[in-house]
Structure formats: structure tokens, C-alpha cells
Amino acid sequence: MMRVGYIECFAGISGDMWLGALVDAGVSRKLLEETVAALGIGAELRFTSVSRSGIQATKVDVLVDGKPAELAAAGHSHEHSHSHDHSHEHSHSHEHSHPVEHKHEPHAHDHTHSHDHKHDHDHAHTHGRSWREIRELLLHVALPEDARSLALRAFELLAHAEARIHNTPVETVHFHEVGAVDTIVDIVCGAAGLLSLGIDRWVCSPVNTGSGFVECAHGKFPVPAPATAELLKGVPIYAAGPAVEMVTPTGAAMLRALGCSFGDPGTITVSSIGYGAGNRNPDRFPNVLRLSIGEAAAASRTPFKTDRVTVIECALDDTTSQLVAHTMELAMKQGALDVMCAPVLMKKGRMGSLLTILSRPQDAAAMQALLLRETTTLGVRSREEERAVLERSFVAVETPYGPIRIKLGISADEVWNAMPEYEDCAQAAAQHHVALKQVMQSALAAFAETKAEA
């Protein structure tokens, strides 16, 4: 049987809703508490049972010094450097030049205050963390490797979204609210909880973003806010219910990082359901995220590991080989799993090329845009497929030409395929002035000898 997790975002999605749904569906509270403790950032979790328009749900709050973290963050101090003396009243809003986790509340940050002091409006937020600082924190926390990888992927997606919006290098992205304690806890605990469920396939409904406007420093923006909109590329979205923001950057990033497919989960037998509550409680609109966990018949399953990929392709009969080669190279650099080109006979007897990209489902929109932008095609086709894959790992062997990595394809602890890594072999062949095939044969012989000794 295949274990399936089905996420229903009819009221949007946020970090705290993720955690609540996980706990309500059976994820161990102890696991999440131990994960928070491992972070070492002075946070703890509070679990409560609440009602949202009559639906019983679990609410998870991140506490700092005994109070919700978002309230603690709201009371942060601004360091002002002063250059002129006057008494004045001004309002300032926190510019959304960084992902912001608002615990499912609107993006309103206008603060008005009066004070007598000199200042040049240079506000240094003491609660900010850079992408590099967050990455270093997660790399040194005691976490399961798969949970660490998922959390890093979510933060990386947030950083890339901000870099794209503001046209800045991703390494220079500096998070403010997203660097606050509550969002780090939401993402890291969410990753640990999600992976503890042992789900083989994640499916998500179309996502309700809400509607209306959010207030940013550069003016009002329609929902979803810029960072959220960037993260929701390739995700089916709609707007319904109250005119409020329903999706936060944290929620969107976790969806993307998880690599969900979107749509109907097919026939599943549900064994557990969890409801995670957001902060609001509007009338006749349950502000909850629903997570259903069940089993799907495995008639078409193979004994191998499977995952979901998106196949994106277009046929070209009016382009050059240089354009095709350039597009293939760009696709690999931008995260394609594979790219291939095959000759085809097209209408009117024209020879053409079928250009095909395999991508992760969350990267499909970017790959579609690449084909439309870089080639002469006027349209692309996409479909989602399941693939069976061998587990992959690398071992290094010693050869007369230096160490060479061997890529292994493994099933049930048995090596089915072993192939010398091309880049290693090519570099060694050039360095020692020998044929490439000679280096590859030497590497395979060394691997066979190592395997025999084992």
C-alpha cells in the first residue's frame, strides 16, 4: 500500500496551521518539543484545542518568555541614529522586502508614535537574521537529515523568492520577521513532523489565497503579497471567503519544499484526519487546514522507490541547434532533473526536434517559462507522472589516475548499477593524457576489486 497525505487549503495555509494539523493528525507533541529544544533559541510550544466556526481544531503557538512569539517580536526596539532635533509624529510600515510570517493575520504594520529626538530614519531591527545565519543554525542543529534538508529547502525557496522580487543576489537576502523565532520553529518543527509521518506521496488541493489588499511600505498590494505570489508559481490558486490574506510565505514555502502534486488524491482509505487552526475565527468559514492521511491501493506500485515528476515538452521545427543546446544547458542549471532532445518528423515533412524536460512538480512553472522564453515554440505540454527510481549513492575508489567517484544504483541493499562519474574521469584523463575510456575501465576494475574484498 502507498501512504498518502492529502492537504486541503480551503482556508489557506500558514506555519501555525501546519503544526496544528500535524499534531491533530497524530504527530507526537514530544517530537516537536524536542525539536524546539534542539534549536536552542529560547522557544517553547503551547498546544490548545480551539473551535473555528464550530470545527474542533488544534492551535499551536510558539512562546518566547511565556508569551506568543509574534507579540514579542511586535515589541522589538528600533535603534535610531539621530541627526536632527524635533518633536514629530510619523508612521512607518515594515517593508515586505523579506518573507513575513504573521501567524495568519493581515500584513498591517503601521505604527504611529511621537517622540523628541534626533534621527535619520535609520531603523536597525535587532531581531533580524540573514539567510546565511539561518542556514548555519540549521546545519549545526541535531536534526534528522531528511528534516534538516526539508527545512533548508523551505528557507532557500524564501530567499530565492525575495532575491527575484528585488533583483538582488540570493546570498545578500536578509530576513527580518521571517528570521524571528516563531517562523524558524514553524519551518523546522513542520519539517520534522511532516517527515515523521512516513508519507510516500503528498497531494494538495488548489490553494485559497483570500482576497483584498495588504499594506506594504511601497504601497498597497493585492493578495497574495509579492513574496507569497512568487512562491505560489505553478500552484493552482483561487480566492473565496472573507477578503483577507489567507496564505503566508511560510505556508507557501513549506508546500513548495514538500514537492506536493496538486489536485485529486485519487482513491484512498483515510485512517487519520487533523485540523490545524489559524488565529482568526470568522463566522461560517472554518479557518483551519485539514490534513488527511490514508492508504492508496498499490496495484500499479513497483518494489522500488517512486516519486512524482513533471514532464514538459515542445516540438521545434524553426529553430537552430545552438538555441536548443543553450536551452538544455539552462534547464539543467536551473534545477531540471533531466533534459533530452530527439529528432522527429513534423507536419509537411519537416524535420524537427522534440525537447523534453523532467522537473520536480514545484519547478514546472519555471521550466515552462524557460522553454517559452528561450526557444521559438508558441506552446508547451506538461503532464505529471510517477517514476520508479533506484536509491543513489557514491563511493570513491583509488585508481592509477587518482580517486574516482562511482555512482551506485541500489535496491534493497543490492547494487544494481555502478558507473564512474564522468566529470571525475574526464578531469583525470586530461590530467594524465590518457583516453577517457581507459580511466573509466580502471575505475570499474577498482570498484569490482573493492566489492570482492567486502
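A nonpolar core here is a set of buried Ala, Val, Leu, Ile, Met, Phe, Trp, Tyr and Cys residues joined through side-chain atoms within 4.5 Å. With that in hand, the largest such core in this predicted model has 66 residues, and the members touching the most others are I7, W18, L45, V185, W202, L255 and L291. Helix α5, residues 145-166, is the top contributor with 10 residues. There's also a second, separate core of 14 residues, with C314, L330, A336 and I357 among its members. In soluble globular proteins, nonpolar side chains tend to be buried together.

**Around the main core**

- L291, one of the residues with the most core neighbours, has a long contact list once you skip anything within four places in sequence.
- On that list are Y6, I7, A21, L22, A25, L197 and W202, plus S272, I273 and G274.
- Two of those partners, I7 and W202, are themselves among the members that touch the most others.
- L255, also in that top group, sits in helix α8, where it is one of the buried residues.

**Helix α8**

- This helix covers residues 249-258, and 10 of its 10 residues are buried.
- The buried set isn't just nonpolar side chains: T250 and R256 are in there, alongside P249, G251, A252, A253, M254, A257 and L258.
- Right after the helix comes G259, which has a positive phi, near 70°.

**The four-stranded sheet**

- Strands β20, β21, β19 and β22 line up in that order as an open sheet, with antiparallel pairing.
- The edges are β20 (338-345) and β22 (381-389), each of which pairs on one side only.
- Going from one strand to the next, the twist averages 30°.
- Helix α9, residues 321-333, packs on this sheet and touches β19 (305-316), β20 and β21; its direction is at about 155° to that of β20.
- Helix α10 (residues 364-374) lies across β19, β21 and β22, and runs at about 15° to β19.

**Zooming in on β20 and β21**

- These two antiparallel strands are joined by 8 bridges, with β21 spanning residues 351-359.
- Reading across the pair, D338 has L358 as its bridge partner, while V339 stands opposite I357.
- I357 also turns up in the second core.
- The hairpin has 5 residues between its strands, and K348 takes a positive phi there, near 60°.

**A buried Asn in a loop**

- N287 lies in the loop between β17 (268-277) and β18 (288-296).
- Its relative accessibility is 4%, so N287 counts as buried.
- A polar atom of the N287 side chain lies 3.0 Å from the backbone oxygen of R280.

**Cysteines**

- How many disulfides are there? The count comes to 0.
- C9 is in no disulfide, and the nearest cysteine sulfur belongs to C204, 3.6 Å away.
- Why isn't the sulfur of C204 in a bond with C9? The 3.6 Å between the two sulfurs is too far for a bond, because a disulfide needs sulfur atoms within 2.5 Å.
- C9 is buried, at 0% relative accessibility, and C204 is buried too, with a relative accessible area of 0%.

Technical notes
Residues are numbered from 1 along each chain as its sequence is written. This is a predicted model: local features need pLDDT of at least 70, side-chain atom pairs count only at pLDDT 80 or more; totals for chains, interfaces and linings use all residues. Side-chain values use heavy atoms; hydrogens and water are left out. Buried means under 20% relative accessible area, exposed over 50%, partly exposed in between (1.4 Å probe, protein chains only). Two strands pair if DSSP finds at least two bridges between them. Axes are lines fitted to C-alpha atoms, for helices over the stretch in contact, and angles run from 0 to 180 degrees between N-to-C directions. Contact means heavy atoms within 4.5 Å. A polar contact is a pair of N or O atoms within 3.5 Å; within protein, one must be able to donate a hydrogen and the other to accept it, and residues adjacent in sequence count only if both atoms are side-chain atoms.
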